[in-house]
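Q: Please take a close look at one part of this structure, the largest pocket, and at the parts of the chain that surround it. What lines the pocket, and how are the elements around it built and packed?

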Amino acid sequence: MRTSREPMLLPVPLDALRPTQMTVGLREVERKRAEWRGQRDDAGKYLGRHMIPVVLGPKGKSYVIDHHHLARALVEEGQEEVLTTVVADLRPLSQDAFWVFLDNRGWLHPFDEHGQRRGYADIPKRIRDLADDPFRSLAGAVRQAGGYAKETTPFSEFIWADYLRRLIKKTAVEKNFDKALDKALGYARSHEARFMPGWCGVDPDLAHHV
């Protein structure tokens with residue numbers, strides 16, 4: 001079984017890529033779209049620096065395990081192909097065994113826009129069909145604002161999205177995103193969030209001894 005990352009030199013159609021999650025934050029997708037438009041004059045180099053990591057699954061299909069927001073942004077911008085990096089070749093597995101492998105490996109996030117876990121069959125088959133989760137956008141904006149650090153925990157932004165979902169009303173995020181962001185930053189930096197991945201708050205117990 002191949003586990004090293006090997007770049008696929010031939011472009012892959014974006015519509016042929018299969019997601020391994022159910023949602024994206026469309027605000028973050030818009031940010032990626034703006035970034036892409038700023039790089040279009042040098043599109044080849046941009047795509048070469050932002051290859052999409054995939055695993056090969058049953059029937060040779062390519063499943064995206066990161067950069068779903070970039071992939072969705074490229075779809076929205078009319079880009080037809082993208083370069084991929086193969087992380088693992090899991091073609092020998094049955095479909096059921098494949099999903100379980102991804103789930104156990106931390107390469108799958110089958111949670112919908114309400115934070116509810118769904119069955120594997122409910123995962124969209126195309127990047128363009130990913131649903132919008134406003135709290136995923138909020139979690140991404142909190143990280144961009146320095147509310148927590150980027151780190152290696154799989155789907156850490158979704159972990160933050162679900163944490164914030166339980167503290168802030170969805171209507172508040174949809175009606176006034178900036179106000180919700182200010183509130184979310186306060187929650188992210190609070191001592192109560194110290195168990196969260198990438199937490200950047202101040203531990204009062206440690207501060208007391210400095």
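A: The answer begins with the pocket itself and then turns to its surroundings, element by element.

The model is a predicted one. Its largest pocket has a volume of about 850 Å³. In total, 32 residues line this pocket, and those nearest its centre are Ile65, Asp66, His67, Lys150 and Glu157. Two or more lining residues come from each of the elements α1 (26–39), α3 (68–76), β6 (81–89), α5 (134–144) and α6 (156–165). By character, the lining comprises 12 charged, 11 polar and 9 nonpolar residues.

Helix α3 is a suitable place to continue. His69 belongs to this helix. Because its relative accessible area is 6%, and buried means under 20%, His69 is buried. Along the chain, His69 and Glu28 are 41 residues apart, yet their C-alpha atoms are separated by 6.9 Å. Neighbours within four places in sequence aside, His69 is in contact with Val24, Gly25, Glu28, Val29, Lys32 and Arg136. With one of these residues there is also a polar approach: a polar atom of the His69 side chain lies 2.9 Å from the backbone nitrogen of Gly25.

The chain then passes from α3 to β6 through a loop, and Glu77 is placed in that loop. Glu77 has a relative accessibility of 13%, so it counts as buried. Its side chain makes a polar contact with the side chain of Arg33, at 2.6 Å. Apart from neighbours within four places in sequence, the residues in contact with Glu77 are Arg33, Trp36, Arg37 and Arg40.

Strand β6 follows this loop. The strand is mostly covered, as 7 of its 9 residues are buried. Strand β4 (residues 52–56) runs parallel to β6, and 5 bridges join the two. Within this pairing, Val55 has Ala88 of β6 as its bridge partner.

Beyond β4, the loop that leads to β5 (62–64) contains Lys59. Lys59 is not a glycine, but it has a positive phi of about 60°. Its relative accessible area is 79%, and therefore Lys59 is exposed.

On the side of α5, Arg143 lies within the helix. Since its relative accessible area is 19% and the limit for buried is under 20%, Arg143 is buried. Leaving out neighbours within four places in sequence, Arg143 is in contact with Tyr148, Ala149, Lys150 and Glu157. Two of these contacts lead back to the pocket, as Lys150 and Glu157 are among the lining residues nearest its centre.

Between α5 and α6 there is a loop in which Phe155 is found. Phe155 also has a positive phi, of about 55°, although it is not a glycine. With a relative accessibility of 15%, Phe155 counts as buried.

Helix α6 completes the account. This helix is mostly covered, with 8 of its 10 residues buried. The buried residues are Ser156, Glu157, Phe158, Trp160, Ala161, Tyr163, Leu164 and Arg165. They pack against β3 (23–24), α5 and α8 (177–189). Glu157 thus appears in several roles: it is a buried residue of α6, it is in contact with Arg143, and it lies among the lining residues nearest the centre of the largest pocket.

Key. Residues are numbered from 1 along each chain as its sequence is written. This is a predicted model: local features need pLDDT of at least 70, side-chain atom pairs count only at pLDDT 80 or more; totals for chains, interfaces and linings use all residues. Side-chain values use heavy atoms; hydrogens and water are left out. On a 1 Å grid over the protein atoms alone, a cavity is a set of points where a 1.4 Å probe fits but cannot get out, and a pocket is an open set with protein on both sides within 12 Å along at least five of seven lines; lining residues have an atom within 4 Å of a point. Grid points are joined across faces, edges and corners, and a volume is the space filled by probe spheres set on the points. Helices (H or I, at least four residues) and strands (E, at least two) are DSSP runs, numbered from the N terminus. Ala, Val, Leu, Ile, Met, Phe, Trp, Tyr, Cys and Pro count as nonpolar, Asp, Glu, Lys and Arg as charged, and the others, Gly among them, as polar. Buried means under 20% relative accessible area, exposed over 50%, partly exposed in between (1.4 Å probe, protein chains only). Two strands pair if DSSP finds at least two bridges between them. A polar contact is a pair of N or O atoms within 3.5 Å; within protein, one must be able to donate a hydrogen and the other to accept it, and residues adjacent in sequence count only if both atoms are side-chain atoms. Contact means heavy atoms within 4.5 Å.
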